[in-house]
Amino acid sequence: MKLAVLAGDGIGPEIVGQALKVLRALAQDGLKIELEEAPFGGAGFDAHGDPLPEATLKLARAADAVLCGAVGGPKYDALPRAQRPEQGILRIRKELGLFANLRPAVLYPELVGASTLKPEIVSGLDLMIVRELTGDIYFGEPRGRRQNASGAREGFDTMLYSEPEIRRIAEIGFQAAMKRRKKLCSVDKENVLETSRLWREVVNEVGKNHREVELSHMYVDNAAMQLVRNPRQFDVIVTGNMFGDILSDEASMLTGSIGMLPSASLDARSKGLYEPSHGSAPDIAGKNLANPLATILSTAMMLRYTFSKDEWAYRIEAAVKDVLAQGYRTADIHEAGSRKVGTSEMGDAVVAAL
Ligand code: NAD
């Protein structure tokens with residue numbers, strides 16, 4: 001298993017450093033994994049004048065999976081758009097054909113107080129949003145600005161999905177459900193949108209090959225409401241790019257803590273880019289304050305979704321649960337009575353729990 005490691009900027013190197021500690025500990029137990037690091041984002045720009053240097057892209061292409069920290073920071077804010085660190089993320093997703101974004105939202109029992117919802121609504125939450133990442137109204141053509149007949153300015157975009165695009169994301173949704181509680185909810189706006197009519201039709205067709213998974217459909221407005229009304233009804237949600245963008249942020253807030261949320265972006269052959277859902281947190285970079293658990297949990301997703309090594313993924317997740325149960329907390333999830341630790345100590349605690 002070949003892993004390209006792109007630590008990036010801000011807290012990226014600190015949090016990725018902890019994930020590597022965990023992988024090296026597993027390697028000592030027999031996990032066969034090769035790691036190679038390369039500059040990316042602002043670090044890529046500093047080293048080679050490009051947020052996604054050629055050599056970094058080559059490494060990422062040759063690898064089976066990519067582990068990213070985060071990119072960006074005030075130092076790079078004044079650069080032209082093409083050289084901004086965030087362009088590195090967009091380009092690598094495109095270059096690697098990563099069309100499926102998987103974002104779990106899990107609320108650990110010890111952190112139930114961090115959620116803005118009442119414990120009786122949210123405790124035990126464990127859902128996953130599968131969002132299509134490369135199509136929909138964000139990329140559909142034509143798009144643009146024009147003047148209408150009466151001279152008023154208009155802006156327009158095109159919501160568009162082709163059958164193969166829907167089919168492949170639906171397939172990922174069913175596969176994700178198979179690895180979990182075997183329930184898939186497809187979210188659309190079929191009562192209003194032609195795109196959604198086709199979406200629902202194709203998802204139903206794909207469902208015929210996955211009879212073990214219980215498939216349901218929900219309108220996006222209802223899904224937004226159900227996520228705060230009764231979020232535990234969901235196992236896996238599959239949806240398009242724009243609806244997924246909004247619903248995945250909503251779902252992540254149910255857990256209250258951005259430092260705990262991993263993510264995966266997959267291609268058609270389960271090659272994946274794994275990264276925490278948060279950014280580079282320049283305000284706390286280099287201070288040993290960042291929570292590394294989202295990045296550590298991203299490596300668990302990598303072992304499960306790219307390498308199909310569920311038992312190793314489970315060991316990492318169990319170790320994270322264990323350190324939380326022991327009371328270890330970084331500053332972002334600290335509360336009275338818990339054991340406040342820094343980034344590096346949290347990494348050590350997870351390794352000890354393994
Ligand atoms: P952010 O997620 O970096 O930070 C938001 C807040 O959450 C900050 O207060 C930060 O300290 C805190 N936070 C984030 N991760 C944390 C962690 N692991 N532990 C503890 N606290 C944590 O979002 P932002 O401030 O809007 O953006 C900062 C930079 O990150 C910008 O340059 C932005 O473009 C970039 N960014 C990158 C990615 C990515 O690499 N995929 C994603 C989002 C933002």
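The legends below accompany an overview and several close-up views of a predicted model.

**Figure 1. Overview of the predicted chain and its overall dimensions.** The chain contains 12 helices and 14 strands. Its radius of gyration is 20 Å, close to the 20 Å that the globule rule gives for 354 residues, so the chain is as compact as a globular protein of that length. Taken along the principal axes, the C-alpha atoms fill a box of roughly 65 × 50 × 40 Å, and buried residues account for 51% of the 354 residues.

**Figure 2. Close-up of the largest pocket, which has a volume of about 830 Å³.** The lining of this pocket is formed by 29 residues, and those that lie nearest its centre are Glu86, Ile89, Leu90, Arg93 and Leu133. Two or more lining residues come from each of β3 (65-70), α4 (85-95), β4 (100-106), α9 (241-254) and β12 (272-276), with α4 giving the most, at seven residues. By class, the lining of the largest pocket comprises nine nonpolar, 10 polar and 10 charged residues.

**Figure 3. Placement of the largest pocket with respect to the two domains.** Because domain 1 (1-99 + 267-354) and domain 2 (103-259) both give residues to the lining of the largest pocket, this pocket lies between them.

**Figure 4. Close-up of the second largest pocket, which has a volume of about 500 Å³.** This pocket is lined by 23 residues, of which Val106, Asp126, Arg180, Arg304 and Glu317 lie nearest its centre. At least two lining residues are supplied by each of β4, β5 (126-132), α10 (293-305) and α11 (310-325), and α10 gives the most, with five residues. The lining of the second largest pocket has 15 nonpolar and eight charged residues but no polar ones. Domain 1 (1-99 + 267-354) and domain 2 (103-259) each contribute at least three residues to this lining.

**Figure 5. Close-up of two cysteines, Cys68 and Cys185.** Cys68 has a relative accessibility of 1% and therefore counts as buried, since this value falls under the 20% cut-off. Cys185, with a relative accessible area of 5%, is likewise buried by that cut-off. A search of the whole structure finds zero disulfides.

Terms used
Residues numbered from 1 in each chain as written. Predicted model: local features only at pLDDT ≥ 70, side-chain atom pairs only at ≥ 80, totals over all residues. Heavy atoms only, no water. 1 Å grid on protein atoms, 1.4 Å probe; cavity = no way out; pocket = protein on both sides within 12 Å on 5 of 7 lines; lining within 4 Å. Points joined across faces, edges and corners; volume = space filled by probe spheres on them. Helix = DSSP H or I, 4+ residues; strand = E, 2+ residues; numbered from the N terminus. Nonpolar A, V, L, I, M, F, W, Y, C, P; charged D, E, K, R; others polar. Domains from an automatic or database assignment. Disulfide = S-S within 2.5 Å. Buried < 20%, exposed > 50% of the residue type's maximum accessible area, 1.4 Å probe, protein only. Rg over C-alpha atoms; globule rule 2.2 N^0.38 Å.
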